[in-house]
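Let's take a friendly walk through this structure, looking at how charged side chains pair up and what lies inside. Have the 3D view open as you read.

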Amino acid sequence: MTRLILILTGLALLPSAGWAQPTSPLEKYRKLRFPARDENFAKGWQERVALEYEIINAADLRALRNALKDADPFVRAMAARALGIRGDRDSADTLAELVSGDKEYSVRLRAVESLGYLRMKPEAIQRAIKDRNPGVSWVAKLAADQLKSETDHARQLREAYATPIKREAMGTAKVGQPAPDFTALTCDGKPFKLSTVLGKKPIAIYFAAYDG
Amino acid sequence: MHQQAQLRLKKDEVEKLGADVYVVLAMDLHRTRVFKEENRLLSTFKGPFSREKSLVYATALSDPAGYASALYGVARKCLRWGAWVENQPHWIVIDRKGTITFMLEPRFDTPTAYEKDVDQVLEALKKAALR
């Protein structure tokens, strides 16, 4: 009997000893210490960036599809974004439903953005152009452009997310320090590497928000 | 966009310094092209920049996964004032040796704050050109 109790106690303790199932990236996003709410704007962004990479690169597709119906709007929005970038055409119907019916603007915005990446559901995108929120309407207009485009924007995004960023590298740019190198795309789709111009001429870089 | 619109008014001064200017967007290539080539945003308001077709003089770069933005510490991926924001705008100036000499986080606290911001960037570029 004593042996049985010891075995059962041991089994109960296993999860806390590191034997628990690893937490999925979506679960980690749900449990963020600083979720993407206004009050956390300047806090915890490194974790939000890292998890976005992890979700887009590695989250289970079925879990992402289920997350479109999650109670947490941040999780729904992130799942919508990831499914568009992953090119999951099976999620188009649900994304179109979110575009029309989700009460949270950020979910409608991500859902219509993803329909643009998938180049599907033009009627839902057209409806979103008339969305009451100007941000959703703006993104819907861009998604409508993408419907007509030959470029696979989802693939470009997948390729960009495939280069992982290390947590310790985030925010390392400081006055007095060498400028960290990065690669981005020019408007004609060619790769641009900062190091090709560094050390040759003075450079100004503006990191923009769309309206900044 | 106001920062970029203001900067192009100083294009000659930037060119005289032999400087390169880049604007990085944590967005896909299509959005970056629209930002660079079409004045869709400010053309919807009444203002000094409303009638021009394109307002961006700098070389526009698409940073679709926000890698550069995270490296430079400007990524946010968060709501602010109820709207989704990928990046907190920042200016960075780098001298001829490849060293960062200036960082500025615009405050947007007055309707014309961008004028002073761009003047500060030009001053920093002048110093960076001498180093």
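In this predicted model, A:Lys201 counts as partly exposed, at 28% relative accessibility. Its side chain meets that of B:Asp20 in a salt bridge, with 3.4 Å from N to O. A:Lys201 sits in the loop between strand 2 (191-193) and strand 3 (203-208) of chain A, while B:Asp20 belongs to strand 1 (residues 20-25) of chain B, so this pair joins two chains. B:Asp20 is buried, because its relative accessible area of 17% falls under the 20% limit for that label.

How many salt bridges does a search of the whole structure find over all chains? The search finds 26. Here are three of them, including the one you just met.

| Salt bridge | N to O distance |
|---|---|
| A:Lys201 and B:Asp20 | 3.4 Å |
| A:Arg65 and A:Asp88 | 2.8 Å |
| A:Arg30 and A:Glu27 | 2.9 Å |

Look next at the pair A:Arg65 and A:Asp88, whose side chains meet in a salt bridge. A:Arg65 is in helix 4 (residues 61-67) of chain A and A:Asp88 is in the loop between helix 5 and helix 6 (92-101) of chain A, so the bridge ties together parts 23 residues apart in sequence. A:Arg65 is partly exposed, at 28% relative accessible area, whereas A:Asp88 is buried, at 6%.

A:Arg30 and A:Glu27 make a local pair: both lie in helix 2 (residues 25-30) of chain A, three residues apart, about one turn of the helix. Both partners are partly exposed, with 31% for A:Arg30 and 24% for A:Glu27.

Some charged residues are linked in a network of salt bridges, among them A:Glu52, A:Arg81, A:Arg110 and B:Lys77.

Now, where do A:Glu52, A:Arg81 and A:Arg110 turn up again? They help to line the largest cavity, together with residues including A:Tyr29 and B:Trp84. This cavity has a volume of about 80 Å³. Its lining has five nonpolar, one polar and three charged residues, and helix 5 of chain A supplies the largest share, four residues.

Finally, turn to the nonpolar interior. The largest nonpolar core has 83 residues, and those with the most contacts inside it include A:Tyr29, A:Ile205 and B:Tyr72. Helix 5 (residues 73-86) of chain A gives the most to this core, with nine residues. A:Ile205 touches residues of both chains, among them A:Phe182, A:Leu194, B:Tyr22 and B:Ile94.

Note on methods: Residues are numbered from 1 along each chain as its sequence is written. Chains are lettered from A and ligands numbered from 1 in the order in which they are written. This is a predicted model: local features need pLDDT of at least 70, side-chain atom pairs count only at pLDDT 80 or more; totals for chains, interfaces and linings use all residues. Side-chain values use heavy atoms; hydrogens and water are left out. A nonpolar core is a set of buried Ala, Val, Leu, Ile, Met, Phe, Trp, Tyr and Cys residues joined through side-chain atoms within 4.5 Å. Buried means under 20% relative accessible area, exposed over 50%, partly exposed in between (1.4 Å probe, protein chains only). Contact means heavy atoms within 4.5 Å. On a 1 Å grid over the protein atoms alone, a cavity is a set of points where a 1.4 Å probe fits but cannot get out, and a pocket is an open set with protein on both sides within 12 Å along at least five of seven lines; lining residues have an atom within 4 Å of a point. Grid points are joined across faces, edges and corners, and a volume is the space filled by probe spheres set on the points. Ala, Val, Leu, Ile, Met, Phe, Trp, Tyr, Cys and Pro count as nonpolar, Asp, Glu, Lys and Arg as charged, and the others, Gly among them, as polar. A salt bridge is a side-chain nitrogen of Lys or Arg within 4 Å of a carboxyl oxygen of Asp or Glu. Lists of a residue's contacts leave out its neighbours within four places in sequence.
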